[in-house]
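Biologist: I would like to learn how to read a model of this kind, one feature after another. Please begin with a single residue and work outwards.

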Amino acid sequence: MTARGTLIVCWCCGVPGSSSGAFELTEACYSRWLRAGKPKSGPPPRNPEKGKQARTEGLRRAKEMRLQRYLQIRDDCATQAEAAAQLGVSLRTIWSYEQEIKARERAARVA
Ligand SMILES: [Zn+2]
């Protein structure tokens, strides 16, 4: 038995994490095992799709936040280069923001 919170390498998936205190399972895998009804075969496999979705969602949200920041400073900036400098992004990124804004305006008109 490993003390709870000890850094271990999980036996089911090989991912390092803090021990759940039960077997050599990380907290995530132990709770997954409990949710699955404690199967004798051990924790069910991690759900890679779900992890991917969460990452995609996180990226989408981060992009949205940057876009909103751009919209806030957009009218105060004389040029796109100035806006890019203020946000610390490349001019190319500003162009992609502009495309996104235009696409949304088009979508809003159609709706
Ligand atoms: Zn595991």
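**Reading the model, from one residue to the whole chain**

Modeller: Lys 38 is exposed, because 9 other C-beta atoms lie within 10 Å of its own, where exposed stands for 12 or fewer such atoms, buried for 20 or more and partly exposed for the range in between, with C-beta atoms placed from the backbone. This is a predicted model, in which local features need a pLDDT of at least 70 and side-chain atom pairs count only at 80 or more, while totals for chains, interfaces and linings use all residues. Residues are numbered from 1 along each chain as its sequence is written.

Biologist: Where does Lys 38 lie, and what is the sign of its phi?

Modeller: Most residues other than glycine have a negative phi. Lys 38, which is not a glycine, nevertheless has a positive phi of about 50 degrees, and it sits in the loop between H1 and H2, the helices being DSSP runs of H or I of at least four residues and the strands runs of E of at least two, both numbered from the N terminus. Gly 37, which follows H1, also has a positive phi, near 85 degrees.

Biologist: Which residues of helix H1 are buried, and which are exposed?

Modeller: In H1, which spans residues 27–35, the buried residues are Cys 29, Tyr 30 and Trp 33. Viewed down the helix axis they fall within an arc of 100 degrees, so they line one face of H1, the arc being that of the directions from the axis to the C-beta atoms. Leu 34 and Arg 35 are exposed on the other side of the helix. Ser 31 also belongs to H1, and it counts as partly exposed because 13 other C-beta atoms lie within 10 Å.

Biologist: Which residues make up the largest nonpolar core?

Modeller: A nonpolar core is a set of buried Ala, Val, Leu, Ile, Met, Phe, Trp, Tyr and Cys residues joined through C-beta atoms within 7 Å. The largest one here has 5 residues, namely Cys 10, Leu 25, Cys 29, Tyr 30 and Trp 33. Beyond its neighbours within four places in sequence, Cys 10 is in contact (C-beta atoms, placed from the backbone, within 7 Å) with Val 15, Gly 17, Glu 24, Leu 25, Thr 26 and Cys 29.

Biologist: Glu 24 appears among those contacts; with which residues is Glu 24 itself in contact?

Modeller: With the same neighbours within four places left aside, Glu 24 is in contact with Thr 2, Ile 8, Cys 10 and Trp 11. Glu 24 is placed in the loop between strand S2 (16–18) and H1, and it is partly exposed because it has 16 C-beta neighbours inside 10 Å. Its C-alpha atom is separated by 7.3 Å from that of Val 9, although their positions lie 15 residues apart along the chain.

Biologist: How many helices and strands does the chain have, and which domains does the assignment give?

Modeller: The chain has 4 helices and 2 strands, which run β-β-α-α-α-α from the N terminus on. An automatic or database assignment sets the domain bounds, and here it gives domain 1 (1–46) and domain 2 (49–110), whose centres, taken over C-alpha atoms, are separated by 40 Å. Arg 60, in helix H2 (residues 48–74), is exposed because 10 other C-beta atoms lie within 10 Å, and its C-alpha atom is 29 Å from that of Thr 26. Gln 99 is found in helix H4 (residues 91–110), and its C-alpha atom is separated from that of Thr 26 by 44 Å.

Biologist: What radius of gyration does the chain have, set against that of a compact globule?

Modeller: The radius of gyration is taken over C-alpha atoms, and the globule rule is 2.2 Å times the number of residues to the power 0.38. A compact globule of 111 residues would come near 13 Å, whereas the chain has 23 Å, and its C-alpha atoms fill a box of roughly 65 × 35 × 20 Å along the principal axes. Buried residues make up 12% of the 111 residues, and among contacts between residues at least 6 apart in sequence, 8% join residues at least 24 apart.

Biologist: Where in the chain is confidence lowest, and where is it highest?

Modeller: The predictor's confidence in each residue is its pLDDT, from 0 to 100. The mean is lowest in H2, at 84, and highest in helix H3 (residues 80–87), at 95, while the chain averages 88 and 97% of the residues score at least 70.

Methods:
Two residues are in contact if their C-beta atoms, placed from the backbone, lie within 7 Å.
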